[in-house]
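Q: Could you take me through one part of this model slowly, side chain by side chain? I would like to see how the aromatic rings sit and what lies around them.

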Amino acid sequence: RLARKYDLTANTIIVDKYIPDSEKHYYFYAADALLLSYHRGYSQQSGNLLDASRYGLPAIASDDEQIGEWVKSRNMGLVFTEDSQSLRQTITTFTNLSDARRQEMKSCMLDFGSAERSWEQMKKGYLDLYRSLVKETK
């Protein structure tokens, strides 16, 4: 609806369905950026951010407590506040970035997605946390 309203249908592809893991790489390769629009107070990790980092895909993220801070502090993309004007301005800013600036963000995303943040490491971290909590309750 918004693409039609702003006459952007020729440049917009909306896929409103579940994307299986076996197809995700097609979307990450084809995209210019990953849009993460979490509400303030969302303080969990984003699997999509980790997936996108493996492809060096810059993020446009809401400025929440954790994900927005990661994107800002690690230079992995741009952040916006929770209003449509801020999102619009941030997307406009992103589309006007130089190739060098985008490449810098891509490099930072690749660094973020390095082996130290692999799914295996994340699973191990969660299992270690769970085990420590179980020990505390006994």
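A: Happy to: here is a walk through the aromatic cluster, followed by its surroundings. Keep in mind that this is a predicted model.

Let us start with the rings. The structure holds three aromatic pairs. In one of them, the ring centres of Phe 28 and Tyr 55 are 5.3 Å apart with their planes at 15 degrees, and since planes under 30 degrees apart count as stacked, this pair is stacked. The two partners come from distant parts of the chain, 27 residues apart: Phe 28 belongs to helix H2 (residues 21-30), while Tyr 55 sits in the loop between helix H3 (47-53) and strand S2 (59-62). Phe 28 is buried, at 9% relative accessible area, whereas Tyr 55 is partly exposed at 32%. Tyr 55 also pairs with Tyr 29, this time edge-to-face, at 5.0 Å centre to centre and 80 degrees between the planes. Here too the link joins distant parts of the chain, with Tyr 29 in H2 and Tyr 55 in the loop between H3 and S2, 26 residues apart. Tyr 29 is exposed, having a relative accessible area of 61%. Together, Phe 28, Tyr 29 and Tyr 55 make up one aromatic cluster.

Next, the charged side chains. The model has six salt bridges. One of them joins Lys 24 and Asp 21, at 3.2 Å from N to O. These two residues are three apart in helix H2, so about one helical turn separates them. Asp 21 is exposed, at 58% relative accessibility. Helix H4 has a bridge with that spacing of three residues, about one turn, between Lys 72 and Glu 69, where the closest N and O atoms are 3.9 Å apart. Both ends of this bridge are partly exposed, Lys 72 at 41% and Glu 69 at 38%. In helix H6, Glu 104 and Arg 101 are likewise three residues apart, and their side chains meet at 3.9 Å, N to O. Glu 104 is partly exposed at 39%, as is Arg 101 at 26%. Shared partners also connect Asp 21, Lys 24, Asp 51 and Arg 54 into one salt-bridge network.

After H2 the chain enters the loop leading to strand S1 (34-36), where Ala 33 lies. Ala 33 is partly exposed, at 23% relative accessible area. Its C-alpha is 5.4 Å from that of Ala 59, although 26 residues separate the two in sequence. Beyond its neighbours within four places in sequence, Ala 33 is in contact with Leu 57, Pro 58, Ile 60 and Phe 94.

Pro 58 and Phe 94 are also touched by Arg 102, as are Asp 32, Thr 95 and Leu 97, with residues up to four places away not counted. Arg 102 is found in helix H6 (residues 99-112). What does its charge meet? Arg 102 is buried yet has no salt bridge, and Asp 32, the nearest side chain of opposite charge, is 4.5 Å away. A salt bridge requires the nitrogen and oxygen to be within 4 Å. A polar atom of the Arg 102 side chain does lie 3.3 Å from the backbone oxygen of Thr 95.

Finally, the nonpolar interior. The largest core has 15 residues, and among the members that touch the most others are Leu 34, Leu 49 and Val 71. S1, H3, S2, H4 and H6 each supply at least two of its residues. Apart from that core lies another, of six residues, including Phe 94 and Leu 97.

Terms used
Residues are numbered from 1 along each chain as its sequence is written. This is a predicted model: local features need pLDDT of at least 70, side-chain atom pairs count only at pLDDT 80 or more; totals for chains, interfaces and linings use all residues. Side-chain values use heavy atoms; hydrogens and water are left out. Rings of Phe, Tyr and Trp (its six-membered ring) pair if their centres lie within 6.5 Å; planes under 30 degrees apart count as stacked, over 60 as edge-to-face and the rest as tilted. Helices (H or I, at least four residues) and strands (E, at least two) are DSSP runs, numbered from the N terminus. Buried means under 20% relative accessible area, exposed over 50%, partly exposed in between (1.4 Å probe, protein chains only). Lys and Arg count as positive and Asp and Glu as negative; His and the chain ends are not counted. A polar contact is a pair of N or O atoms within 3.5 Å; within protein, one must be able to donate a hydrogen and the other to accept it, and residues adjacent in sequence count only if both atoms are side-chain atoms. Contact means heavy atoms within 4.5 Å. A nonpolar core is a set of buried Ala, Val, Leu, Ile, Met, Phe, Trp, Tyr and Cys residues joined through side-chain atoms within 4.5 Å.
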